[in-house]
Amino acid sequence: MKNYDAIIIGGGACGLMCSVQAGLLGKKTLLIERNDKPGAKILISGGGRCNFTNIYTSTDNFVSENPKFLNAVFSQWSVEDTINFFEQFGQIKGQEKTLGQLFPTTNKAKDIVAVFTKLMYDTGQDIWLNALVNEVKQTEYGFELMVEKEGKPSKISTKKVVIATGGLPVAKLGASDFALKLARKFNLNLVETAPALVPLTITGKDADWYASLAGNSVYSRVYNDKISFEENILFTHWGLSGPAILQISSYWRPGQQFTIDLLPKFKIDQLIKEERNAGGRRTVGQLLNDHFTKKMVDALGAYLPIHLKIASLSKADAKLLADSIHQFKVKPAGDKGYDKAEVMRGGLSTDELNPKTLECKKIKGLYFGGEAVDITGWLGGYNFQWAWAAGYAIAQDI
């Protein structure tokens, strides 16, 4: 066996970055990936276009018991470093779509993965595909890994191991609880895990109402007492999805409700006043038709007097209209689970890691990075920025 400076388990964003950055420093790593190609989650991200970072990244864009933990990592690897890295090694330029999201101008996620596979080759890093790590044991000299490759078991020894195996979403891409089980084996503290950036389900008496609106997308402000997001929501046959819903899902817990302002750029009270000044001959439904689809207006008719003329609206009716549009209450039954989630919330507690190197404080030579750690970014490239930065920071210590 070759003498590796480190063995990296997981060929996703964090693992790939760690391997190439170690290679650029003259180190030799072995990357072990259970899929038949690296970067499976990168390849499907952003609809196959890969939103590889966000220009507005800060610790405020992450859910964690200690988001300030990120300061030490982001001080080593910034958004500008990410942009420069892909320009330098892949001639990939970023184009901003919305809210700071950067995509390759080619709109091809495979171009992002190609940067890493080429660099791994150029720097002499090894990669085992279709390989599964079954066990990691701590030894007197470091670690011993039991690996199954093409049906054959192998035993490898190394001084340093990097756990970059991701979280529980998405099973068909090889997701597993490997990192969580390993953390428990070594008696490391975990923060409770759950699907995040995930669609939410509605059941019970309101289910048919939501289902009747399936396919309708509405620009909204979705908020609770912790956070607010202003993007599209999407009604579905089983509840709610769309960017704003995925965002709020990271701050939602079962049994809680949140509020949707279905018309955040206007005030219903002002619109009613303008209509009345013009004579008030139009109906509530006609007013709402200026801002929503017919299907949406018809559905709102279950709650609102849409056939009533504006001139005839009572104060109580006007308040009902304003409350229904600007303070639409939602109490989801649950979420669509890990297979529909973008990421996992929770994971290894940041208290277990050195914030600069991401090495375990209790176990020398064992590193964790990426989704397995209790660092969950918002939708829009933040999780990739954390993964790149984590991979870089670990490589510096290797």
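**Reading backbone features in a predicted model**

Q: Which residues does the UniProt domain annotation cover?

A: This model is predicted. The unreviewed UniProt entry carries the annotation "domain: RsdA/BaiN/AoA(So)-like Rossmann fold-like", and it covers residues 5-396.

Q: How far apart are the end C-alpha atoms of residues 5-396, and how much of the span is helix and strand?

A: The two end C-alpha atoms lie 12 Å apart. Helix makes up 31% of residues 5-396, and strand makes up 24%.

Q: Which residues does a cis peptide bond join?

A: Look at omega. For the bond between Pro 169 and Val 170, omega is about -5 degrees, and the bond is cis.

Q: Where is Val 170 found?

A: In a loop. Strand S11 (161-163) comes on one side of that loop and helix H6 (178-185) on the other.

Q: What is the phi of Cys 50, and where does Cys 50 lie?

A: Check the sign of phi, then the residue type. Cys 50 has a positive phi, near 65 degrees, and is not a glycine. Cys 50 sits in the loop that links helix H2 (40-48) and strand S3 (53-54).

Q: Does Cys 50 count as buried or exposed?

A: Use the cut-off: buried means under 20% relative accessible area. Cys 50 has 0% relative accessibility, so it counts as buried.

Q: What is the phi of Asn 107, and where is its place?

A: Phi is about 60 degrees, again positive in a residue that is not a glycine. Asn 107 is in the loop between strand S6 (101-104) and helix H5 (109-122).

Q: Why does Asn 107 count as partly exposed?

A: Partly exposed lies between the buried limit of 20% and the exposed limit of 50%. Asn 107 has 29% relative accessibility, so it counts as partly exposed.

Notes:
Residues are numbered from 1 along each chain as its sequence is written. This is a predicted model: local features need pLDDT of at least 70, side-chain atom pairs count only at pLDDT 80 or more; totals for chains, interfaces and linings use all residues. Side-chain values use heavy atoms; hydrogens and water are left out. UniProt positions are given in the numbering used here, feature names are shortened, and annotations may be inferred rather than shown by experiment. Helices (H or I, at least four residues) and strands (E, at least two) are DSSP runs, numbered from the N terminus. Buried means under 20% relative accessible area, exposed over 50%, partly exposed in between (1.4 Å probe, protein chains only).
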